[in-house]
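Below are my notes on the model, set out as numbered points. Please read them beside the sequence and the coordinates.

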Amino acid sequence: MLALWEQADPQAFLAEHGTGVRGLVTTAGHGLKNEWLDSLPDLGVVSSFGVGYDTIDAGELKKRGIQLGNTPDVLNACVADLAVCLLLGSARQLVWGDRYVREGRWPVEGQFPLAQSVSGKNVGIVGLGGIGIEVARRLAGFDCQIHYHNRKARDDVSYGYEASLTALAEWADYLVLTCVGGPSTHHLISREVLLALGRKGTVVNVSRGTVIDETAMIELLQQDKLGFAALDVFEHEPDVPPALREHARVTLMPHSASATVETRLKMSQRVIDNLDRFFETGQVISRVV
Ligand SMILES: O=C(O)C(=O)CO
């Protein structure tokens, strides 16, 4: 095994040791640089830890006949759990309530400000894939109305389809983002969509930070034109703009949606199984390309 992550200059290291490498393991966060590929002439498979592969050029791998495996499905429930946790936590101001009690403010300042309800509210899901479905199932249990936006309507679900993202945002109290990252969804949640969600609305993001126009979101929060934001992902992780860190109507998590012991074990196992299966049969289990 070659520990590429320990190398100060991975490119130079690969130039010396890349020939003969048949499999490469990476993560959704670390990705893979295209310029490394010329130094990996024998590479047959990339096995990536995570469902997102926006930091890996799948098209380039395909062109070179290299398979890409990821770890979908095994993390769906866990990511959906955090989406619902963020939504509930934001609506009920869980983090602020906790601080209010811990800091001894309750006896001094009295009643904590009123929060927002979740049960029975309108939830719009952007990207009704494996994770989105799990979010929908959970929030249907809270008697929420569920509508969704995908490129195309699904014929296997009864949730309402909304072709216009702006119309979905106008309707929604909570807009939950579970779509893929990468160029196809870059700033999909634009100023216009956020304005449509408006002061009544909360945006919950467990997909990728690039999906939201972060600058517009901050401005609209500051101008009181957007209600709340509950975010696990950011445009320039791990840097989170001070304006978000300081805003009272923002709930933050450090990109942890799949980060439980149980789920990370399952994801690790899938990384190994993808490699094993590729070397046994020529096909990874969870194949992107
Ligand atoms: O698997 C991924 O891509 C994630 O970001 C999980 O949180």
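1. The ligand is surrounded by Ala28, Gly50, Val51, Gly52, Leu75, Arg208, His255, Ala257 and Ser258, where a residue is near a molecule if one of its heavy atoms lies within 4 Å of it. This is a predicted model, in which local features need pLDDT of at least 70 and side-chain atom pairs count only at pLDDT 80 or more, while totals for chains, interfaces and linings use all residues. Residues are numbered from 1 along each chain as its sequence is written, and side-chain values use heavy atoms, with hydrogens and water left out.

2. The shell around the ligand divides into four nonpolar residues, four polar and one charged, with Ala, Val, Leu, Ile, Met, Phe, Trp, Tyr, Cys and Pro counted as nonpolar, Asp, Glu, Lys and Arg as charged, and the others, Gly among them, as polar.

3. As for polar contacts (pairs of N or O atoms within 3.5 Å), a polar backbone atom of Val51 is 2.7 Å from an oxygen atom of the ligand, and a backbone N or O atom of Gly52 lies 2.8 Å from a ligand oxygen. Arg208 places a polar side-chain atom 2.7 Å from an oxygen atom of the ligand. The protein covers 92% of the 230 Å² of accessible area that the ligand has on its own (Shrake-Rupley method, 1.4 Å probe).

4. Seven strands (DSSP runs of E, at least two residues) form an open sheet with parallel pairing, in the order β6-β5-β4-β7-β8-β9-β10; two strands pair if DSSP finds at least two bridges between them. The edge strands, β6 (160-161) and β10 (250-252), each pair on one side only.

5. Strands β8 (residues 202-205) and β9 (residues 228-231) run parallel and are joined by four bridges, and Asn205 has Leu231 in β9 as its bridge partner.

How values were computed. Polar contact = N/O pair within 3.5 Å; in protein donor to acceptor, adjacent residues only side chain to side chain.
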